[in-house]
Amino acid sequence: MPAPDNDELWAVTAAHSLYSATAEFLPDTTTFGEIRILTFIALAAMKGTAVTTKEISEGTGIPAYGISRAVSRYLEIGTLEERPHPSDGRSKQICFNEEARTLNSQWANKVRQTFEENKLM
C-alpha cells in the first residue's frame with residue numbers, strides 16, 4: 001500500500017486499478033459519463049429497483065440527451081432493459097438484465113482482487 005501520507009500516489013494507484021479492472025467488462029469506447037450512468041443504474045439494481053432517464057440525469061448531473069444516447073447504446077448491446085413505469089404509463093424505467101447483474105458481480109470481484117493485489121485495502 002502506498003505510504004499513508006501520500007494521498008496522490010494512493011489515489012492514482014486506486015484509479016489505475018479500478019480502470020484496469022473495469023476495462024475487462026466494458027467496450028473500449030466507454031466514456032466516463034457512461035460509467036457514471038451504468039453505476040447509477042447498478043445502484044438502483046442493487047436496491048431492487050429501476051430508474052427513469054430523468055432520475056439518472058438528476059442523480060448524475062448528465063444532461064438528458066446524454067443519458068438517452070448512452071442508454072440507447074446499452075439497450076442495443078443488451079446490457080440494459082426497459083420496462084414500463086409502474087405508476088406512469090408514459091414513462092419507462094431502465095434496469096440491468098440478468099447478464100448485466102452477473103457481469104456486475106464479476107466486475108466487483110475483479111475490483112476487490114485488484115485492490116487487494118495492489119494493497120489498497
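Is Gly59 buried, partly exposed or exposed? The legends below take up that residue along with other close-ups of this predicted model.

**Figure 1. Overview of the chain and its elements in the predicted model.** Welcome to the whole chain, which is built from five helices and two strands. Following the sequence, the elements come in the order α-α-α-α-β-β-α. The C-alpha trace extends over about 55 × 25 × 25 Å along its principal axes. Of the 121 residues, 31% count as buried. Among the contacts in the chain with a separation of 6 or more, 54% join residues 24 or more positions apart.

**Figure 2. Close-up of Gly59 in helix 3.** Here is the reply to the opening question: Gly59 is partly exposed, and its relative accessible area is 46%. This glycine belongs to helix 3, which covers residues 53-60. Keep Arg36 in the frame as well: Gly59 and Arg36 are separated by 23 residues in sequence, while their C-alpha atoms are 9.5 Å apart in space.

**Figure 3. Where helix 2 packs with helix 4.** Helix 2 spans residues 32-46 and helix 4 spans residues 64-77; the two pack at an angle of about 75°, and their axes lie 10 Å apart. Angles from 65 to 115 degrees count as roughly perpendicular, so helix 2 is roughly perpendicular to helix 4. On the helix 2 side, the contact is made by Glu34, Ile37 and Leu38. Helix 4 brings Gly66, Ile67, Ala70, Val71, Arg73 and Tyr74 to the contact. By residue class, the contact of helix 2 with helix 4 holds six nonpolar, one polar and two charged residues.

**Figure 4. The largest pocket and its lining.** If you like to look at pockets, pause here: the largest pocket has a volume of about 390 Å³. Its lining consists of 20 residues, and those closest to the pocket centre are Phe25, Leu26, Leu38, Phe96 and Asn104. Helix 1 (7-23), helix 2, helix 4 and helix 5 (98-117) each give two or more residues to the lining. Helix 5 supplies the largest share, with five residues. Sorted by class, the lining has 14 nonpolar residues, five polar ones and one charged one.

**Figure 5. Close-up of Phe96 and its neighbours.** Phe96, one of the residues closest to the centre of the largest pocket, sits in strand 2, residues 92-96. With a relative accessible area of 7%, Phe96 is buried, because buried means under 20%. Leaving aside residues up to four places away in sequence, Phe96 touches Leu38, Ile41, Ala42, Ala45, Thr79, Leu80, Arg101 and Asn104. Among these partners, Leu38 also takes part in the contact of helix 2 with helix 4. A further pair to look at is Phe96 and Ala44, 52 residues apart in sequence and 9.1 Å apart from C-alpha to C-alpha.

**Figure 6. Close-up of Lys119 and its backbone.** Our last stop is the segment after helix 5, where Lys119 is found. Most residues other than glycine have a negative phi. Lys119 is not a glycine, yet its phi is positive, at about 55°. What is the relative accessible area of Lys119? The value is 51%, and Lys119 is therefore exposed, since exposed means over 50%.

Note on methods. Residues numbered from 1 in each chain as written. Predicted model: local features only at pLDDT ≥ 70, side-chain atom pairs only at ≥ 80, totals over all residues. Heavy atoms only, no water. Axes fitted to C-alpha atoms, helices over the stretch in contact; angles between N-to-C directions. Helix = DSSP H or I, 4+ residues; strand = E, 2+ residues; numbered from the N terminus. Parallel < 35°, antiparallel > 145°, perpendicular 65-115°, else oblique. Contact = heavy atoms within 4.5 Å. Nonpolar A, V, L, I, M, F, W, Y, C, P; charged D, E, K, R; others polar. 1 Å grid on protein atoms, 1.4 Å probe; cavity = no way out; pocket = protein on both sides within 12 Å on 5 of 7 lines; lining within 4 Å. Points joined across faces, edges and corners; volume = space filled by probe spheres on them. Buried < 20%, exposed > 50% of the residue type's maximum accessible area, 1.4 Å probe, protein only.
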